[in-house]
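This briefing sets out the arrangement of the chains, the contacts between them and selected elements within them. Please consult the sequence and structure shown here alongside the text.

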Protein chains: 2
Amino acid sequence: MMRNEQEFVRWLKQIAPKPRGRLKLGIGDDAAMMAVSPGRDVILTTDLTIENVHFTHALHSARSVGHRALARSLSDIAAMGGEPRVALVSIALSERTTAAWVKGFYSGFLALAERYRVAVIGGDTSVVKGTILIDVIAVGEVPKGKELRRSGARPGDWIFVSGSLGLSSLGLTLLKSRTRRGRKSAEEKAAIRAHLYPEPRCALGRFLSQERIASAAIDISDGLSTDLQHLCEASGTGARIWENSIPGPWWPVPSRFSPGEMLHFALHGGEDYQLLFTVPPAKVPRLPRRFRGVELQRIGEVTRPRKLHLVREAGREETLSPAGWDHFRKP
Amino acid sequence: MMRNEQEFVRWLKQIAPKPRGRLKLGIGDDAAMMAVSPGRDVILTTDLTIENVHFTHALHSARSVGHRALARSLSDIAAMGGEPRVALVSIALSERTTAAWVKGFYSGFLALAERYRVAVIGGDTSVVKGTILIDVIAVGEVPKGKELRRSGARPGDWIFVSGSLGLSSLGLTLLKSRTRRGRKSAEEKAAIRAHLYPEPRCALGRFLSQERIASAAIDISDGLSTDLQHLCEASGTGARIWENSIPGPWWPVPSRFSPGEMLHFALHGGEDYQLLFTVPPAKVPRLPRRFRGVELQRIGEVTRPRKLHLVREAGREETLSPAGWDHFRKP
């Protein structure tokens, strides 16, 4: 570990990109500052990343932890249709945390930040007896009146998701299974990579908001079933989704997982950080099938009755119960 | 505890002041939003509050923990000369945390927020196996070009502090001493109150910035010696302060503490959240002796040699070593 806080702050100032342009002040003063463009509102989000809850040392490299901690917050900005601008990171390190871990964490964090042109302008640090805890604050901008809320879905709107669902939880399951030490297939590697290095859908969120295509949006962090319920509850609606339209790159099913397990990953697996959004029928023609290489798949429709339904392959309709991540679930 | 996260978010939405005016969106969407006035920059700060590091259940009520967690961040905004606007709070609760504790925490947090017209617009929650950890993000505004930085002090500037120093650590020491169960003096009660419910100096910070009186400022969160070093390091200067000018309400010394102990509280005790600021000699006449009931006391001067000196009562000059709070100190 660094010897003291000042040494840590000096090191972080060296490796973090310098504030420039509309960033007035970076790490090292009482607070950080940024300028906001006229005609834009500020978007703020904060996400906790906790050792043994969101990551473990056995499964996640420090670099992946840094990437994932920032990706979660950037994904919230994406779901609002915003452009991420700056991030702050508060980190409570354990007494056992090594300097190598801290450097790995920041290298993952800063690499993602640089790719999305996000400046890291501040934070707080402490050392605790327990496990590592990280809180990432991301700040973005959105043109006034163009933010994507959860509450704008209306009955009859179509429901879309970006990319593949369940990939991250499949990847996590593969990481946990120590029995398969052998060569991994390309699909398995892709699933593990989706878990360790998820990609926030910032460009897609901005497109959906600035073209005024989506009526509501949320990012899938807790799992499709749970996040769909969040969106429907905020909008005062229900939803019907079709099992056979839910996108996953693993069809046909790898032999070691049953179709039921795969469906469970897709419906309830969290941390994919894809966008779930609704589009009024009249605007659907303006939505491309792919956006910058990411598939946009229709999976269902918004309904007036405030319930979630899943249409199974045989056409049978079932109640869909939210069974994704609950932050109050015991670790 | 609440049964699940949604129940918690619903409860928090009920008790938190509703977003209004320039706040566009409060708790419950992917992110929070705020509008920024033209001609103003945004100030951002984040502070960790950790069980058994910054508070213990034995000494601090839940209400005090909530108050102190927010006060720390508001004090950072004050030290920048900003006006606090919104706050977000990320909280990792322990499995043993009771609903009564959570309600006490938010009642202390929200009471202070309301007094400073700060809207609580978001955050994150989780449950951990270890101890409670809270991260508070405060966001404020400052007219462009008027922020108070740490780096503006120049040799010859006078050094001032607001209020009394060491009161909070005296209060903490009194709280810890279980031997004195009897009646506490008014001074002892004031010290304990200063520790449990510190007051951020937001109005003073705004006054010093908007009247362009201070050349540099920092809040005294880690202790005078440490925060003076932070200010001097950022400014590329040193400082000389006079022992007998350091303000404390405990002179004459209560019999149970030696003069040396009292000086230690004043020089190195943290968490007073007073402002330490520098004023060019030509501007000193514009500085009142009191501001809204808070004394503004000259304690020394900025020097060119990059060292800190303490002038003792006898006129003897000693090197002053920073010995306040270090966030990397083992808990």
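Helix 7 of chain B is followed by B:G236, whose phi is positive, near 70 degrees; helices (H or I, at least four residues) and strands (E, at least two) are DSSP runs numbered from the N terminus. The model is predicted, so that local features need pLDDT of at least 70 and side-chain atom pairs count only at pLDDT 80 or more, whereas totals for chains, interfaces and linings use all residues. Residues are numbered from 1 along each chain as its sequence is written, and chains are lettered from A and ligands numbered from 1 in the order in which they are written.

**Helix 7 of chain B**

- Helix 7 of chain B comprises residues 224-235, 12 in number, and reaches 16 Å from its first C-alpha to its last. This is close to the 16 Å expected at 1.5 Å a residue, the expected span being 1.5 Å times one less than the number of residues.
- The helix is mostly covered, with 10 of its 12 residues buried. A residue is buried if 20 or more other C-beta atoms lie within 10 Å of its own, exposed if 12 or fewer, and partly exposed in between, with C-beta atoms placed from the backbone.
- Among the buried residues of helix 7 of chain B are B:L224, B:L228, B:L231 and B:C232.
- The buried residues of this helix pack against strand 8 (216-220), strand 9 (238-242), helix 8 (259-268), strand 10 (274-279) and strand 13 (308-311) of chain B.

**Strand 9 of chain B**

- Strand 9 of chain B is joined to strand 12 (residues 294-303) of chain B by 4 bridges, and the two run antiparallel; strands pair if DSSP finds at least two bridges between them. In this pairing B:A239 stands opposite B:V302.
- With strand 13 of chain B, strand 9 of chain B runs parallel, over 4 bridges. B:W242 has B:V311 as its bridge partner in strand 13.

**Relation of the chains and their interface**

- Chain B is superposed on chain A by a rotation of 180 degrees with 0.0 Å of shift along its axis (RMSD 0.0 Å), the fit being by least squares on the C-alpha atoms of residues with pLDDT of at least 70 in both copies. That is the relation of a two-fold axis.
- B:G130 is the residue of chain B that comes closest to the rotation axis, at 3.0 Å (C-alpha).
- In chain B, 60 residues are in contact with 60 residues of chain A; contact requires C-beta atoms, placed from the backbone, to lie within 7 Å.
- Strand 3 (residues 40-50) gives the most to the side of chain B that touches chain A, with 9 residues.
- The copies meet through the same surface, because 100% of the interface residues of chain B are also interface residues in chain A.
- Strand 2 (residues 32-35) of chain A and strand 3 of chain B run antiparallel and are joined by 4 bridges. Here A:M33 has B:I43 as its bridge partner.

**Strand 6 of chain A**

- Strand 6 (residues 133-143) of chain A is mostly covered, with 10 of its 11 residues buried.
- Strand 3 (residues 40-50) of chain A pairs with strand 6 of chain A in the antiparallel sense over 11 bridges. A:G140 in strand 6 is the bridge partner of A:I43.
- Strand 4 (residues 83-94) of chain A also runs antiparallel to strand 6 of chain A, joined by 9 bridges.

Note on methods
Two residues are in contact if their C-beta atoms, placed from the backbone, lie within 7 Å.
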